[in-house]
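Thanks for making time this morning. I would like to walk you through one model, starting with its internal spaces and then moving to its strands.

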Amino acid sequence: MYDVKSMNADDFIDDGEISDTLLYAQENKNNYKLIDSIIEKAAECKGLTHREASVLLACENDELNNKIYSLAKKIKQRIYGNRIVFFAPLYLSNYCINSCTYCPYHVKNKNMCRKKLTQEEVKAETIALQDMGHKRLALEAGEDPVNNPLEYILECIQTIYSIKHKNGAIRRVNVNIAATTVENYTRLKDAGIGTYILFQETYNRKNYEQLHPAGPKSDYKYHTEAMDRAMQGGIDDVGLGVLFGLGTYAYELCGLLMHAEHLEAVFGVGPHTISVPRICPADDIDVNDFTNALPDKIWQKIVAIIRIAVPYTGMIVSTRESAENRRVALELGISQISGASSTSVGGYVNSDEPQENTAQFERSDTRTLDEVADWLIQMGYIPSFCTACYREGRTGDRFMPLAKSGAIGNCCQPNAIMTLKEYLVDYASDTTRKHGESLIEKELMNIPNAKVRQITIDNLKKIEDGERDFRF
Ligand code: SF4
Ligand code: SF4
């Protein structure tokens, strides 16, 4: 039975409720009056239910769909302004005892060269990332209690935070590792992680069980209830996502939104971020085997609908997507992107050498961070390396009201300007520096509060003089 507040995955992601919702959406896909009223409700920036969002997804009317797209753009601007936050994934280990059929790290893939970074290698990768300008990482590791126990992950986090190379520093470490116990989540929290990220992959239990035939991840309930345990363990920023293409997209979007509603109903804090990865080519993985693989247009519509249904959430897109698709997605609601990512273990240090085969997926966007930063600037976005909220204690229920009201934009904008300035001084090419300086001049004028503007101007001067790490 559907129960948003239940702690049982089969109740808060109730299959019957999803089927009823999808039926309701199909029945109403030509009900333009209803669709218009849902779009009007979304314009108030208070979000949509999974039922309302599903009706919008089913709508095939171009005019109404265009209204959804322009609203998504407006809402993103209203809440987060025009800053786009950068992050980079750091692959620690590709040892994995699971058997996910869509991932080349699955235990039976004998082509995969297995590798786990030593602490010296973690240090070298961190320096390579700092030398590019990155400040925010997402750690990635397969599930393997022998090769990658939690102690190993904790040690890596400590190593990463301890390294300060030249003016570089990693100021926020997010972690994407397998579902674990409440106690382990508390240990991650105590290690100073930012967001705990775990993709559901698919919300369809039957599908899930077929795609995960063996290994600890095959336990659908344990996996689906992981975010509840993370919250109980004290992690109040969690990141959701599905791997679009594994199941039917309407089912997945509905499940994803029900999960967000569940977290909000039980803990008063919805997902800090939502990621929208799609199945893409990799070693031993052929996308043609996945009949639900998503066309660009539908994927873009899903991005827009998540933005208006969960307006407060950070939305993330990776280098799985092409530059052009990322450009469109930025317009429709994406607020965080990765840049110059390596999806291999040790790939930042060895980026110029022929790689052993350790990659999790093929990247579509292979530009350098500087190229992506300049591209954003030229489109009028502020590339941001901000990590302020978590370091100022603005997490969980302290962050949510600021994000929901849009007040967070008052911090995002000056922080984006100051962290961009650091990037321009320390790492940018001449061209990017020139474009970035003009953007900063222009954006300073857009800071509405005169006092905040003056502090930002003063801090920019201090950054030129060698000081670092200012934030609101
Ligand atoms: Fe292992 Fe994660 Fe890949 Fe599954 S998706 S095989 S758990 S690394
Ligand atoms: Fe993110 Fe907070 Fe910085 Fe805004 S101020 S970019 S929400 S960390």
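Let me begin with the classes I will use for residues: Ala, Val, Leu, Ile, Met, Phe, Trp, Tyr, Cys and Pro count as nonpolar, Asp, Glu, Lys and Arg count as charged, and the others, Gly among them, count as polar. Please keep in mind that this is a predicted model, in which local features need pLDDT of at least 70 and side-chain atom pairs count only at pLDDT 80 or more, while totals for chains, interfaces and linings use all residues. Residues are numbered from 1 along each chain as its sequence is written, chains are lettered from A and ligands numbered from 1 in the order in which they are written, and side-chain values use heavy atoms, with hydrogens and water left out.

Now to the cavities. A cavity here is a set of points, on a 1 Å grid over the protein atoms alone, where a 1.4 Å probe fits but cannot get out, and its lining residues have an atom within 4 Å of a point. Points are joined across faces, edges and corners, and the volume is the space filled by probe spheres set on them. By this rule there are 3 cavities of 30 Å³ or more.

The largest cavity holds about 240 Å³ of space, and of its 21 lining residues the closest to its centre are R83, V85, R136, C389 and F399. That lining divides into 10 nonpolar, 7 polar and 4 charged residues. When I speak of helices (H or I, at least four residues) and strands (E, at least two), I mean DSSP runs numbered from the N terminus; β1 (83-93), α16 (388-391) and α18 (409-426) each supply at least two residues of this lining.

What is the volume of the second largest cavity? It comes to about 50 Å³, and the residues lining this second cavity include F199, Y203, H223, M227 and H259. Two or more residues of that lining come from each of α10 (220-224), α11 (226-232) and β5 (238-241), and the lining as a whole divides into 6 nonpolar, 5 polar and no charged residues.

R136, which I named at the largest cavity, brings us to strand β2. Because 6 of the 6 residues of β2 (residues 136-141) are buried, meaning under 20% relative accessible area with a 1.4 Å probe and protein chains only, this strand is largely enclosed by the rest of the structure. Its two faces are both covered, with R136, A138 and E140 buried on one side and L137, L139 and A141 buried on the other.

On to the neighbours of β2, where pairing requires that DSSP finds at least two bridges between two strands. β1 and β2 pair in the parallel sense over 5 bridges, with S93 standing opposite A141. β2 and strand β3 (residues 172-176) also pair in the parallel sense over 5 bridges; here V173 is the bridge partner of L137, and L139 stands opposite V175.

β3 is itself mostly covered, with 5 of its 5 residues buried. From there, β3 pairs with strand β4 (residues 193-197) in the parallel sense over 2 bridges, and the bridge partner of V175 in β4 is Y196.

Definitions and conventions: On a 1 Å grid over the protein atoms alone, a cavity is a set of points where a 1.4 Å probe fits but cannot get out, and a pocket is an open set with protein on both sides within 12 Å along at least five of seven lines; lining residues have an atom within 4 Å of a point. Buried means under 20% relative accessible area, exposed over 50%, partly exposed in between (1.4 Å probe, protein chains only).
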